[in-house]
Amino acid sequence: MSTQTKIDESLVKYLQNVGYRKDKIIDDLADETSKLGSVSQMQIAKEQGQFLEIITKLSKAISCLEVGRFTGMSTLFIARGLPTEGKITTIDNSDEFLSLAKKYWDLDNMSSKIESIIGDGVEIMQSMIDRQHSYDFIFIDADKNNYPNYYELSLSLVPSNGIIIIDNMLWHGDVADEKKNDSQTNTIRDLNTKIQNDSRVDFSLLPLSDGLSFIRKK
Ligand SMILES: C[S@@+](CC[C@H](N)C(=O)[O-])C[C@H]1O[C@@H](n2cnc3c(N)ncnc32)[C@H](O)[C@@H]1O
């Protein structure tokens, strides 16, 4: 018998209200992002952001990497978890929402910890490997069809004990629906299975919002 609690609409609301501590800068960033329309669905959930901040602190990460910045909420939470000398490098192939992100990074006095790179995630990460860069913690939240590439590239960019967190690994529940066989669903489903069987890592698949795969390189 499973002890997993079913997360229905009322429990989702409860998690949003009680599983997140109100924060004016984060709430304003979410509000301004929501005014962008349907694209705002790309933003991480605030309760996921809190989790990213805690993991950054607990892991004592100094150097972090993110693929998929959008309006910068996940970047901001990770930056908050870093010490003063810490740095997060965030990659996005679009600069469309960078100024909005920067507005909130500045308001929160976090800009000095954030480096933004505009470019393709796979190309930039490969160039980082070529230059022998290393990151303590990598957060993956970009184009889903490249998730297997981001996973492999990340494993080359973190040391032993390094952390990789991947968002959207439940893909709105579609991973569990055998009738869903579009390329994004299949890619995420296959990656979950790959991680489950990957002896190079420890992992936990967490049902926080749209699902976080929490990975430690052995
Ligand atoms: C789900 S959003 C990221 C949300 C963000 N983490 C947040 O907290 O708001 C995905 C982002 O990935 C970017 N993206 C899509 N394809 C990409 C690629 N090939 N390389 C880099 N970024 C990409 C998109 O421009 C988009 O901003």
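**Sheet, helices and ligand shell**

Reader: In what order do the seven strands of the open sheet run?

Author: The pairing in this sheet is mixed, with strands counting as paired if DSSP finds at least two bridges between them. Helices (H or I, at least four residues) and strands (E, at least two) are DSSP runs numbered from the N terminus. This is a predicted model, where local features need pLDDT of at least 70 and side-chain atom pairs 80 or more, while totals for chains, interfaces and linings use all residues. Residues count from 1 along each chain as its sequence is written, and the strand order is β3-β2-β1-β4-β5-β7-β6.

Reader: Which strands stand at the edges?

Author: Look for strands with a single partner, because one side of each is then left without a neighbour in the sheet. That picks out β3 (114–118) and β6 (201–206).

Reader: Which residue of β2 is the bridge partner of V67?

Author: Strand β1 (residues 63–67) pairs with β2 in the parallel sense, over five bridges. Follow V67 across to β2 and its bridge partner is I91.

Reader: Which residues come nearest to the ligand?

Author: There are 20 residues around the ligand, counted if the C-beta atom, placed from the backbone, lies within 6 Å. Both α4 (73–81) and β2 (87–92) supply at least two residues of that shell. The nearest are G68, F70, S74, G121 and D143.

Reader: How many residues of the shell around the ligand are charged?

Author: Take Ala, Val, Leu, Ile, Met, Phe, Trp, Tyr, Cys and Pro as nonpolar, Asp, Glu, Lys and Arg as charged, and the others, Gly among them, as polar. On that split the shell has seven nonpolar and eight polar residues. The charged ones number five.

Reader: At what angle do α3 and α4 pack?

Author: The axis of helix α3 (residues 46–58) lies 7 Å from that of α4. Axes are lines fitted to C-alpha atoms, for helices over the stretch in contact, and angles between N-to-C directions run from 0 to 180 degrees. The two helices are roughly parallel (under 35 degrees), because they pack at about 30°.

Reader: How many charged residues are in the contact of α3 with α4?

Author: G49, Q50, L52, E53, I54, T56 and K57 of α3 meet M73, S74, F77, I78, R80 and G81 of α4, with C-beta atoms, placed from the backbone, within 7 Å. By class, this contact has five nonpolar and five polar residues, and the charged count is three.

Reader: How many charged residues does the contact of α6 with α7 hold?

Author: The axes of helix α6 (residues 121–130) and helix α7 (residues 147–157) come within 10 Å and cross at roughly 20°, so these helices are also roughly parallel to each other. G121, V122, M125, Q126, M128 and I129 in α6 meet N149, Y150, L153, S156 and L157 in α7. Seven of these contact residues are nonpolar and four polar, so to speak leaving the charged class with no residues.

How values were computed: Angles under 35 degrees count as roughly parallel, over 145 as roughly antiparallel, 65 to 115 as roughly perpendicular and the rest as oblique. Two residues are in contact if their C-beta atoms, placed from the backbone, lie within 7 Å.
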